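Reader: I am new to reading protein models, and I would like to go through this one slowly. Could you show it to me before we begin?

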Amino acid sequence: MAKKRPQTKAGKAGQAQVTSGEIPVVGAREPCPCGSGRRYKACHGRSAAHAVTELVQRPFEGLPGECDWVALRELVPAATVPLTLKGGLPEGVPSVTLATVLPMAWPALRRDDGSVLLALQNDSSSGDLARDLADTLQRALETEPGNPVPPRRVPAEGTRLQELLDTDAPFAPEVHTGFEFWIPASADGADPEVAASLERANAAAIPTVKLTGVDSAYWCETPDKNHLRWVMPHPEEKLLDALARLQAGEGTSLGENTRLVGSFRAHGLMVPVWDLPTSMTAEQCEKPAAEFAERLAGALASDAPLTAEERRARGGLTNRQVTLS
């Protein structure tokens, strides 16, 4: 195997030295502004990316409805949520609304009436979704009405969403059957490009319903079977122990022909997933989900060592985890 070249320090003798905080952010393949002659990603971009990575294990932590933020980012096709800014809305901005996705993958849109739509399901350029979203939101508030907000590389240091939003305000998602919310009711018609994007998005959307009796649980319909995906706030190890206690006693069932099949990991939280029969509607999930929540609370309260059967159940649950982010 070829030996790796040793890393050289940013900046050579005789070149002006500047601190990382003074280095502007540029494209990953561009020369680093420090003057080292290396690409940014291999120079000061490396430490900036590392700093961000350590920040964002749970990018939505501290926001109301953290579990729903995760669900809307990873699981829900079409949904909107009104957002409340600290200090109120700027003049000329009647509302700010979080949307799962916008046409042409726009990061945000400033509508003709001055209102702002902020998209959640976009790539993160800095690695910290809370920072990327805050940057996009700040730019959207200053964009001329009637224009989308383009993507850009976000500085490694900057405002996070937790600093812009009123964390005492409720977070109440509204799940939609399609993406018609892209087009204001007052509009005469959609731009042809937006209309085409709307048609494609509607065709690909999986029917999804948010349960009302428990927090952050979403029923969805697929051709072969239905599913319940439930984002939970509990620490992963504690939750796995609790689910294993219930699984060993068949306490994870939501009814006949239902089965806890595994879980996702997403943005620092666990998302248990159940297979449901195609005949089971979201409304029919409400009662068994509420009953399961009570059983889970009891299992979470237990500190007793796991039995051999519970340890086997835990191993099976661990092996059926999929990391989304």
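Author: Let us start with a cysteine: Cys34 is buried, with a relative accessible area of 8%, where buried means under 20% relative accessible area, exposed over 50% and partly exposed in between, for a 1.4 Å probe and protein chains only. This is a predicted model, in which local features need pLDDT of at least 70 and side-chain atom pairs count only at pLDDT 80 or more, while totals for chains, interfaces and linings use all residues. Residues are numbered from 1 along each chain as its sequence is written, and side-chain values use heavy atoms, with hydrogens and water left out.

Reader: How far is the sulfur of Cys34 from the closest cysteine sulfur, and which residue holds that sulfur?

Author: A disulfide is counted here when a pair of cysteine sulfur atoms lies within 2.5 Å. The closest cysteine sulfur to that of Cys34 is too far for a bond, since the distance is 3.6 Å and the residue that holds it is Cys32.

Reader: What is the relative accessible area of Cys220, and is this residue buried or exposed?

Author: Cys220 is in no disulfide either, as the nearest cysteine sulfur, that of Cys285, is 9.8 Å away. With a relative accessible area of 2%, Cys220 counts as buried.

Reader: How many disulfides does the structure hold?

Author: A disulfide is a covalent bond between the sulfur atoms of two cysteines. For the structure as a whole, the number of disulfides is zero.

Reader: Which backbone oxygen does the side chain of Arg73 reach?

Author: Arg73 belongs to helix H2, residues 66–74, a helix being a DSSP run (H or I) of at least four residues and a strand a run (E) of at least two, numbered from the N terminus. At 16% relative accessibility, Arg73 is buried, and among the residues that it touches (heavy atoms within 4.5 Å) are Phe60, Leu129 and His267. At 2.5 Å, its side chain reaches the backbone oxygen of Asn122.

Reader: Which strands stand at the edges of the sheet with the order E7-E8-E9-E11-E10-E12?

Author: This open sheet has six strands and mixed pairing, and two strands pair if DSSP finds at least two bridges between them. A strand at the edge has a single partner strand, so one side is left without a neighbour in the sheet; the edge strands are E7 (208–210) and E12 (321–323).

Reader: Which residue in E12 stands opposite Arg265?

Author: Strand E10, residues 259–266, runs parallel to E12, and three bridges join them. Opposite Arg265, in E12, stands Thr323.

Definitions and conventions
Polar contact = N/O pair within 3.5 Å; in protein donor to acceptor, adjacent residues only side chain to side chain. Lists of a residue's contacts leave out its neighbours within four places in sequence.
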